[in-house]
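Hi,

Here is the structure I promised to pass on. Have a look through it first, and my notes on what turned up are underneath.

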Amino acid sequence: MSMGSFRLRVTLEVIALYSTGRCQYVRVCLLVDVHEEDCASCAAVFNFQCFVFNYNTFSSRYITSTGEMPVCLLVSEDDAHKPIQLHHQQSVTLGRGPETKIKDKKCSRDQVELRADCNRGFITVKQLGVNPTIVDDVVVGKGNQVTIKPGQRLYMVNQQYPYTVKFTEDTSTPRSAADLRKPAKRAHQMSSEGNGEKIKSPANKTSTSHTDHNRMSDDSPPAKKTQPSGSEKSESAGHWSQGLKVSMQDPKMQVYKDDRVVVIKDKYPKARYHWLVLPWDSISSLKVLRSEHIELLKHMQRVGDQMVQQCPDAHKLSFRLGYHAIPSMSHVHLHVISQDFDSPCLKNKKHWNSFTTDYFVNSQDVIAMLEHDGKVTVKEGTSELLKLPLRCHLCHKEQPTIPKLKEHLKTHLPS
DNA sequence: GTTCTAGAAC
DNA sequence: GTTCTAGAAC
């Protein structure tokens, strides 16, 4: 039966998430002529998707309206710290720690999981800690979740540490399609079907790109050297331990991303190749991982394997994929690191032992633990492993000092 | 996590 | 004297 041809009107709302944390939505209307020879409308729709996501060809005449998505702020009522910005539909775990400045041991480090819906103007609050989180005199209860809107009050734990939620317009967000096309503020391209996007060649060898790497370090907000510029100043990630959350959002740092994870080069690589695979979802540490995270961790490992396969030196270097048992930096991150350990950033015993003792837990072992026990446990005394004598990871010969160890490692380098 | 530096080790 | 480490500070 002949279909003839017809005109398809497509309206699509695109949510742009900027590296600064701001959101904007753009409504796109397109008229697509579908002809019989296109075989099926899906072909036209497919082409349409390619067109939309190829941002540089995105003409302003297709944009029928733009608007500011409200920014969600969690405000400390006792003014203990600056408001914490919550990104649209991104889970954030909060509790005792530098972000909230709460030191009360009754408050878990992972007391609540928050997820803001900036369109509809509420936050979903899930209590993770044992002690009660309270919303308007009602105990949430461990494992339960409630919503909180402006006007309501959240007590982090035991009628203490009051918070309110606020949604405000961010007037600094670019308003025109021309603004949107400026590369520095361009939204991250995201596959609609979860297919990954290689941003630039992973062949950026960390040891040979130190000039570039250091330049990037100077641009981005490290612990003390530089301050974030512009709107980034208002972000809550000021403490050094929150640095990964900032770096993962920085397009200059990203080498791969898809709908679940992002890969960045380690800012201080401990080997020729050293990447970090991070989930977009805010997962503070291995401790909060449960069975429901298994698929995500398997995906992180697949992406890590992919980084290795695409590495031009993969044939002559070996790699390990794993997690630090007790990481210093918040936000779960999978290390993908070549085993040459040929890097000026590897400077001390802690660096060495964190990658060459059981302090480094293989990705497969973490996944196996989750599959078997439903959680990840770290053995007692693991932190002591960082103080062990320096021992070559290949021939196990002990070395007296870091400089001697580095000299020794050269003997194992591929020719 | 890094940087800085006092003092131990050589 | 120099080299190197470990712990405080950030």
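Lys270 reaches DNA strand B through its side chain: a polar atom there lies 2.8 Å from a phosphate oxygen of the strand. Bear in mind that this is a predicted model, so the distances here and below are computed from predicted coordinates.

Two other residues also go to the phosphates of DNA strand B. Ser328 does it with its backbone, where a polar atom is 2.6 Å from a phosphate oxygen. Lys347 uses an N or O atom of its side chain, at 3.1 Å from a phosphate oxygen. In total, 11 residues surround DNA strand B, and the closest are Lys270, His324, Ser328, Lys347 and His351. What is that surface made of? Its residues split into five nonpolar, four polar and two charged. On the DNA side, 54% of the strand B atoms within 4 Å of the protein belong to sugar or phosphate, and the rest belong to bases.

Next, helix α7, which covers residues 363-373. Its buried residues are Ser363, Val366, Ile367, Met369 and Leu370. Viewed down the axis of α7, these buried residues fall within an arc of 155°, so they line one face of the helix. What do they pack against? Their partners are α5, β18 (319-324), β19 (334-338) and β20 (360-362). Just past the end of α7, Gly374 has a positive phi of about 80°.

The α5 side of that packing is worth a look at Gln301, which sits in this helix (residues 294-309). Gln301 has a relative accessible area of 16%, so it counts as buried, the cut-off being under 20%. Its side chain makes a polar contact of 2.7 Å with the side chain of Ser363. Leaving out residues up to four places away in sequence, Gln301 touches Leu321, Leu334, Ser363, Gln364 and Ile367.

Further along, Lys379 lies in the loop between α7 and β21 (390-391). Is Lys379 buried or exposed? It is exposed, because its relative accessible area of 67% is over the 50% cut-off. Lys379 is 20 residues from Tyr359 in sequence, and the two C-alpha atoms are 9.4 Å apart in space.

Now the salt bridges, of which the count is 10. Three of them are below.

- Asp342 and Arg272: the side chains meet at 3.0 Å, N to O. This pair links distant parts of the chain, 70 residues apart, with Asp342 in the loop between β19 and α6 (349-356) and Arg272 in the loop between β16 (261-265) and β17 (274-279). Asp342 is partly exposed at 31% relative accessible area, whereas Arg272 is buried at 13%.
- Asp313 and Lys316: the side chains meet at 4.0 Å, N to O. Asp313 counts as buried at 10% relative accessibility, while Lys316 is partly exposed at 40%.
- Glu407 and Lys410: the side chains meet at 3.1 Å, N to O. The two are three residues apart in helix α8 (residues 402-410), so about one helical turn separates them. An α-helix has 3.6 residues a turn, so residues three or four places apart point the same way. Glu407 is partly exposed, with a relative accessible area of 48%, and Lys410 counts as exposed at 52%.

Cheers

Note on methods:
Residues are numbered from 1 along each chain as its sequence is written. Chains are lettered from A and ligands numbered from 1 in the order in which they are written. Side-chain values use heavy atoms; hydrogens and water are left out. Helices (H or I, at least four residues) and strands (E, at least two) are DSSP runs, numbered from the N terminus. Buried means under 20% relative accessible area, exposed over 50%, partly exposed in between (1.4 Å probe, protein chains only). A polar contact is a pair of N or O atoms within 3.5 Å; within protein, one must be able to donate a hydrogen and the other to accept it, and residues adjacent in sequence count only if both atoms are side-chain atoms. Contact means heavy atoms within 4.5 Å. A residue is near a molecule or strand if one of its heavy atoms lies within 4 Å of it. Ala, Val, Leu, Ile, Met, Phe, Trp, Tyr, Cys and Pro count as nonpolar, Asp, Glu, Lys and Arg as charged, and the others, Gly among them, as polar. The arc is that of the directions from the helix axis to the C-beta atoms.
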